[in-house]
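This briefing concerns aromatic pairs, charges over rings and nonpolar cores in one protein chain. Please consult the sequence and the structure shown below while reading.

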Amino acid sequence: MISAALPDLDALDMEALKALVIAQHSELLDQRKSNAQEIEHLKLVIEKYRRMIFGRKSEKLTGALEQLEFRLEELETEQAADEAAQAATEATQPSSTRADSKRRSRPARKPLPEDLPREVVNHLPPHSCCPDCGGALRQFGEDVSEQLERIPASFKVIRHVRPKFACAGCESVVEAPAPARPIDRGLPGPGLLAHVLVSKYGDHLPLYRQSQIYAREGVDLDRSTLAGWVGAASELLAPLVDEIKKHVLAASKIHADDTPVPVLAPGNGKTKTGRLWTYVRDDRPAGLGTAPAVWFAYSEDRKGEHPRRHLKEFRGALQADAYAGFHHLYGDGAIYEVACWAHTRRKFHDIHVVHASPTTTEALARIGALYGIEEDIRGKPAEFRSAIRQARAKPMLDQLRNWMEKMLRSLSTKSETAGAIRYALSHWRALTRYVDDGLLEIDNSAAERALRAVAIGRKNYLFMGADSGGHRAASLYSLIGSAKLSGLDPAFYLRTVLATIAEHPINRIEQLLPWNIARSLQTESSHAA
């Protein structure tokens, strides 16, 4: 750091002043170099953490990643401010006295999207003739640069005018029917209603914050008004949620998980812990084209009766962690357990972070090798995946089990590492079932990814207002999550649905499911091309 205290400058001669300036300049350059090195280091670490979160080393690293992102943001902001200050200083100096300075290398700028509207501003010289000789000017070219600007979100009022006509012969009145609205006689259009829903359940902005934002934009929308819209919209969209549930539970393999959510208990003003359950259908890693979807369900507690009720019509493989509430589902064989290697790996990882040992290092390396095989076959047909797993993963798993049994005999029965090994061995059949069926996955990452939105939302609100709010949140999470899995912008999807669902035939409601909307858009694009 540059020294904060300066010596008495009046007492220094010219040589001492020069030496002081040179020293301070050297410290400044060293600090900038250190910042640049730290920036590059943070970028590498952040990229590593992102791979660990979304790839095969999926651990709970979100908090650490956010801290690194904040630090990187501050360093890059500080560096930019230093460069701006240096540029301003140099601009006041004659060109002959400016010190040669190297600007930091910046990443290549991505071109701006071609579909963004362009506003052309022509900048003509202040003189119509040559400022040097007065001669006539002729254009021979132009310099073009682009600047990205943001237009603040705006509201508009759509006035629906229906002229009335009277028949000259019989005096009957003729008038066009009133256009359908998402909420009967309601104020919001489909775009505004979709924005409120996605802001609350996709971007995790509570309604009172949305009300404050709209007030800054000049529109007074009370929180209670917004709440009324959300309630009415959730009822309107309920048939779509039911269809998503049917689609998910019709699969032969689903991923399941749950997470706690704070809920305000009625009467005493305290909070209780409810649960959001997620069930995911996603066969894309096995090369199938079946539409992926996620269905959320809310319950007041974590009793096993809830997943039993949710899955009473399901038959097939349930990929989940070892939650005891799932165990009663496996009794008659209609549902069979497929355990999660990420969950198993996490037990060794948590021990390794606190107290690394040769045993935890070896366990993580062996499990990591299994994930390496999965990376090679992701997206391949199920038969191919099964053949590769039998040839490559099965021998590794046999060796891993032998190694774990050997290590268990040499470890203290009370050690945490022994506990992690016992967990793996006690669930061995469920952990290795994926090798025999190419449709199955090595872990339950699909469900964990679906719950990530809920975990982010918990940071932005203290609790849900009631159990009814939990059920409503589950419905909207289902729609937003399924839209994302279909590659749709949730706001676009909900806006499209809300514009038509009020008059859409209920017996053709499946036409408004996310994957069918996405398919129709692809068809329109191919016809346009």
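At 5% relative accessibility, F296 counts as buried (under 20% relative accessible area; exposed is over 50%, partly exposed in between; 1.4 Å probe, protein chains only). The model is predicted, so local features need pLDDT of at least 70 and side-chain atom pairs count only at pLDDT 80 or more, while totals for chains, interfaces and linings use all residues. Residues are numbered from 1 along each chain as its sequence is written, and side-chain values use heavy atoms, with hydrogens and water left out.

**Overall chain**
- The chain has 16 helices and 7 strands (DSSP runs numbered from the N terminus: helices are H or I with at least four residues, strands are E with at least two).
- Of its 529 residues, 37% count as buried.
- The accessible surface comes to about 32,000 Å², and 54% of this belongs to carbon and sulfur atoms (Shrake-Rupley method, 1.4 Å probe).
- Among contacts (heavy atoms within 4.5 Å) between residues at least 6 apart in sequence, 62% join residues at least 24 apart.

**Aromatic pairs**
- The whole structure holds 8 aromatic pairs (Phe, Tyr or Trp rings, the six-membered one for Trp, with centres within 6.5 Å; planes under 30 degrees apart are stacked, over 60 edge-to-face, the rest tilted).
- The ring centres of F296 and Y477 are 5.6 Å apart and the planes meet at 50°, so this pair is tilted.
- F296 belongs to strand 5 (residues 293–299) and Y477 to helix 14 (residues 467–485), so the pair ties together parts 181 residues apart in sequence.
- Y477 is buried, with a relative accessible area of 5%.
- W341 and W428 form an edge-to-face pair, at 5.8 Å centre to centre and 85° between the planes.
- This pair links W341 in helix 8 (residues 341–354) with W428 in helix 12 (residues 428–432), 87 residues apart, and both residues are buried.
- Ring pairs also join Y201, F296 and Y477 into a cluster.

**Charges over rings**
- K200 lies over the face of Y201, 5.2 Å from the ring centre (NZ of Lys or CZ of Arg within 6 Å of the centre and within 35 degrees of the ring normal).
- K347 lies over the face of Y423, at 4.6 Å from the ring centre.

**Nonpolar cores**
- In the largest nonpolar core (buried Ala, Val, Leu, Ile, Met, Phe, Trp, Tyr and Cys joined through side-chain atoms within 4.5 Å), L237, L240, L318 and L494 touch the most other members of the 70 residues.
- Helix 5 (residues 223–249) gives the most to this core, with 10 residues.
- Another core, of 31 residues, lies apart from it and includes W341, A363, L400 and L440.
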